[in-house]
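This report looks at an enclosed space, at the packing of one helix and at the pairing of some strands. The sequence and the model come first, and the description follows.

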Amino acid sequence: MSPIPTQPTISTIVQEGLKRGGYPSGGSSAQQTQAQDWVEQTKWDIWTKLNGRKAESLMTVAYGVTADGVSRYALPADCEDIYSITILDALHTGTAQAVTASQVTLAAAEDVSEDFIQGKLLLLTSGTGIGNCSQVSAYNTTTKVATLTPNFNGASFAGTEGYMIVDSQYKLQEKMISIRDNEEDYSSKDRPTYYFPIGQANADSDETGEFELFQVPDDVYGIQLRYYVNLPMVDLTGNLMKTLYRRWYNLWVQGVIWRSLQQDKDTQYSTEFEIYQKMIADMIGVELYESSLMNLQAKVTA
């Protein structure tokens, strides 16, 4: 069996690009630092060519927690467009005895069975790790230890976080914020059934800074937010970029190649630039096609 290829990083990408651009050693430290700026510029080139269209690879997910009586919630800083918001609910909740990135020791009195919990989402609802969510892959009914796959994203935990074992999910309907003021009682409390994006940039965009739930949450619920990211705002070392480095590896490398040749005033740069432009166009074509199929499937199965 062949070994799994090494996950590309921004360091390996810029070194490969500089090698192909005429620096056999992969460039000096200063050149590599500059080339990382070129990767940032490639993000902008892709974003400009997308021109508001939704690339399948730019969808991600975030989790949050409602508070009783609070209806307005901020979106992640890199959110460009909401895809869906789902309310998460649970019969089994409690306070953990211990929490790590890969395991949660549930409350001593927790009576959930292994068959029930395995495969379900476990969401932290309070404490340092609030908002972390992952799937339970194994559970020991004696020790109360739930093993998670994948690990939580958080780096530190108090160890006494509140948790819920998600057993119900309710996808919310989106409505225009202008409808809100026509509600007879927009402050009524219950499990939310739809949401209002707030701060739309224009009629053709769902760009928002926050959203408002209706009805006002009457309890602690989980929030699952699927959304398209604003690519220029994605951290070059974040988890999403790690995925994009792998999916669009040749494109990132090509962005370094043509810019290094341009800087060195090598006439070959114009040819490499044309290749770069075509690679962006081809990638976007694939991304939008996959996104269209995904939306079609969602409509057919809805």
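The largest cavity has a volume of about 40 Å³, where a cavity is a set of points, on a 1 Å grid over the protein atoms alone, at which a 1.4 Å probe fits but cannot get out; grid points are joined across faces, edges and corners, and the volume is the space filled by probe spheres set on them. The model is predicted, with local features needing pLDDT of at least 70 and side-chain atom pairs counting only at pLDDT 80 or more, while totals for chains, interfaces and linings use all residues. Residues are numbered from 1 along each chain as its sequence is written, and side-chain values use heavy atoms, with hydrogens and water left out.

The structure holds 1 cavity of 30 Å³ or more. Its lining, meaning residues with an atom within 4 Å of a point, consists of Leu18, Tyr23, Gln31, Gln34, Trp38, Ser260, Gln263 and Asp264. Helices and strands here are DSSP runs numbered from the N terminus (H or I, at least four residues, for helices; E, at least two, for strands), and α2 provides the largest share of this lining, with 3 residues.

Helix α5 (residues 239–247) has as its buried residues, under 20% relative accessible area with a 1.4 Å probe and protein chains only, Leu240, Met241, Leu244 and Tyr245. These four cover an arc of only 140° around the axis, taken from the directions from the helix axis to the C-beta atoms, which puts them on the same side of α5. They pack against α1 (10–20), α2 (29–50), β17 (222–229) and α6 (249–263), with contact meaning heavy atoms within 4.5 Å.

Strand pairing, which requires at least two DSSP bridges between two strands, is listed below for three antiparallel pairs.

| Strand | Partner | Bridges |
|---|---|---|
| β2 (72–74) | β15 (residues 210–214) | 3 bridges |
| β4 (residues 92–95) | β10 | 4 bridges |
| β7 (residues 121–124) | β10 | 3 bridges |

Strand β10 (residues 162–165) is covered on both faces, with Gly162 and Met164 buried on one side and Tyr163 and Ile165 buried on the other. Ile165 is the bridge partner of His92, and Leu122 also stands opposite Ile165.

Elsewhere, 4 strands form an open sheet of mixed pairing in the order β2-β15-β14-β12. Because β2 and β12 (173–174) stand at the edges with a single partner strand each, one side of each is left without a neighbour in the sheet. Within β15, Glu212 is the bridge partner of Arg72.

Conventions:
Buried < 20%, exposed > 50% of the residue type's maximum accessible area, 1.4 Å probe, protein only. 1 Å grid on protein atoms, 1.4 Å probe; cavity = no way out; pocket = protein on both sides within 12 Å on 5 of 7 lines; lining within 4 Å.
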